[in-house]
2 protein chains.
Amino acid sequence: MDKELTKKAAEIILKQRDCVLTLIDKDGYPSSSVLTVSHADGIKSIIFCGGLGSNKAKRIENCNRACVCFGSESYSVSFSGDIEILTDPDVKKEMWYEGLEHHFKGHDDPDYCVMKFTTKRYSLFIDWIEEKGGL
Amino acid sequence: MDKELTKKAAEIILKQRDCVLTLIDKDGYPSSSVLTVSHADGIKSIIFCGGLGSNKAKRIENCNRACVCFGSESYSVSFSGDIEILTDPDVKKEMWYEGLEHHFKGHDDPDYCVMKFTTKRYSLFIDWIEEKGGL
């Protein structure tokens with residue numbers, strides 16, 4: 001693993017924040033949407049917040065395979081892995097961020113949930129250097 | 001269908017050009033990468049160019065289900081549908097665009113191919129208006 005490149009990828013995750021999360025829909029088609037990162041642990045895991053009654057949560061329940069992609073004109077950073085829904089009150093409180101109040105009553109809103117993505121494979125293209133690998 | 005919204009989505013496709021294409025990998029995981037649009041027919045079909053020996057072409061041969069997503073801070077435009085590889089010389093010539101010469105010898109390079117995505121479902125979020133539907 002190119003540690004310098006994975007460090008740059010981790011920085012992109014936290015700097016760009018807005019990424020494309022792709023889940024598998026009920027018909028087996030990939031389905032993408034733009035989503036904001038709540039937290040990340042290097043390139044190992046990425047946390048999102050959302051609604052328990054949303055299409056995303058339903059899709060995750062049906063199929064836990066996902067992809068997270070951060071793109072710009074100068075780089076393409078993509079991770080494939082598994083995603084799970086967390087409803088633990090402490091986790092929900094910890095992962096809450098400003099702006100979510102437009103969608104949920106608060107961190108104890110029963111519809112608010114945390115989605116934790118764990119990377120299995122990464123594909124990085126940064127500063128004209130390419131690397132693919134697994135974690 | 002909201003014709004005004006789909007018109008805006010078609011404009012975004014041609015203006016943004018760089019999008020996230022997601023295919024299904026051999027393990028059944030969604031796998032995304034940043035790619036440039038060559039041509040588009042409204043929101044009905046989107047054309048990309050690439051290599052016949054690339055991971056993308058191999059994935060399409062294995063599974064033709066795909067998703068194309070155009071995202072920014074102010075919109076999220078996403079299409080799920082089928083994708084096919086075209087190697088017809090006339091199509092390859094028509095879809096060739098400036099910049100491809102960095103990757104291929106010319107429009108008759110046997111490794112150069114055209115990937116045609118056809119929309120089945122769309123999910124649009126533009127100017128705070130949301131619409132989902134099928135074509």
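Reader: How much area is buried between chain B and chain A?

Author: Buried area is the accessible area (1.4 Å probe) that two parts lose on being put together, summed over both. Here, between chain B and chain A, that comes to about 1,900 Å², and carbon and sulfur atoms give 59% of it. Keep in mind that this is a predicted model, where local features need pLDDT of at least 70, side-chain atom pairs count only at pLDDT 80 or more, and totals for chains, interfaces and linings use all residues. Residues are numbered from 1 along each chain as its sequence is written, chains are lettered from A and ligands numbered from 1 in the order in which they are written, and side-chain values use heavy atoms, with hydrogens and water left out.

Reader: Which strands of chain B supply at least two residues each to the side that touches chain A?

Author: Strands are DSSP runs of E, at least two residues long, and helices are runs of H or I, at least four; both are numbered from the N terminus. On chain B, strand 1 (18-24), strand 2 (30-36), strand 5 (65-71) and strand 6 each supply at least two residues of the side facing chain A. Strand 6 gives the most, with 6 residues. By type, that side of chain B splits into 9 nonpolar, 12 polar and 7 charged residues. For this split, Ala, Val, Leu, Ile, Met, Phe, Trp, Tyr, Cys and Pro are nonpolar, Asp, Glu, Lys and Arg are charged, and the others, Gly among them, are polar.

Reader: And how many residues does each chain bring to the contact?

Author: Contact means heavy atoms within 4.5 Å. Chain B brings 28 residues and chain A brings 28 residues.

Reader: How are the two copies related?

Author: Two copies of a chain are related by a rotation about an axis and a shift along it. The superposition is by least squares on the C-alpha atoms of residues with pLDDT of at least 70 in both. In this model, a turn of 180 degrees and a shift of 0.0 Å along the axis lay chain B on chain A with an RMSD of 0.0 Å. The copies are thus related as by a two-fold rotation axis. They meet through the same surface, because 100% of the interface residues of chain B are also interface residues in chain A. In chain B, the residue closest to the axis is Pro30(B), at 3.2 Å (C-alpha).

Reader: How many salt bridges and polar contacts cross the interface?

Author: A salt bridge is a side-chain nitrogen of Lys or Arg within 4 Å of a carboxyl oxygen of Asp or Glu. The rule finds 0 of them across the interface of chain B and chain A, while the structure holds 8 over all chains. One of them pairs Asp27(B) with Lys26(B), at 3.6 Å between the closest N and O atoms.

A polar contact is a pair of N or O atoms within 3.5 Å; within protein, one must be able to donate a hydrogen and the other to accept it, and residues adjacent in sequence count only if both atoms are side-chain atoms. Across the interface, 13 residue pairs are in polar contact, both at pLDDT 80 or more.

Reader: Take Ser76(B): is this residue buried or exposed?

Author: Buried means under 20% relative accessible area, exposed over 50%, partly exposed in between (1.4 Å probe, protein chains only). Ser76(B) has 12% relative accessibility, so it counts as buried. This serine lies in strand 6 (residues 75-86) of chain B. The side chain of Ser76(B) reaches the backbone nitrogen of Val34(A) at 3.4 Å. Beyond four places in sequence, the contacts of Ser76(B) include Ser33(A), Phe70(B) and Leu124(B).
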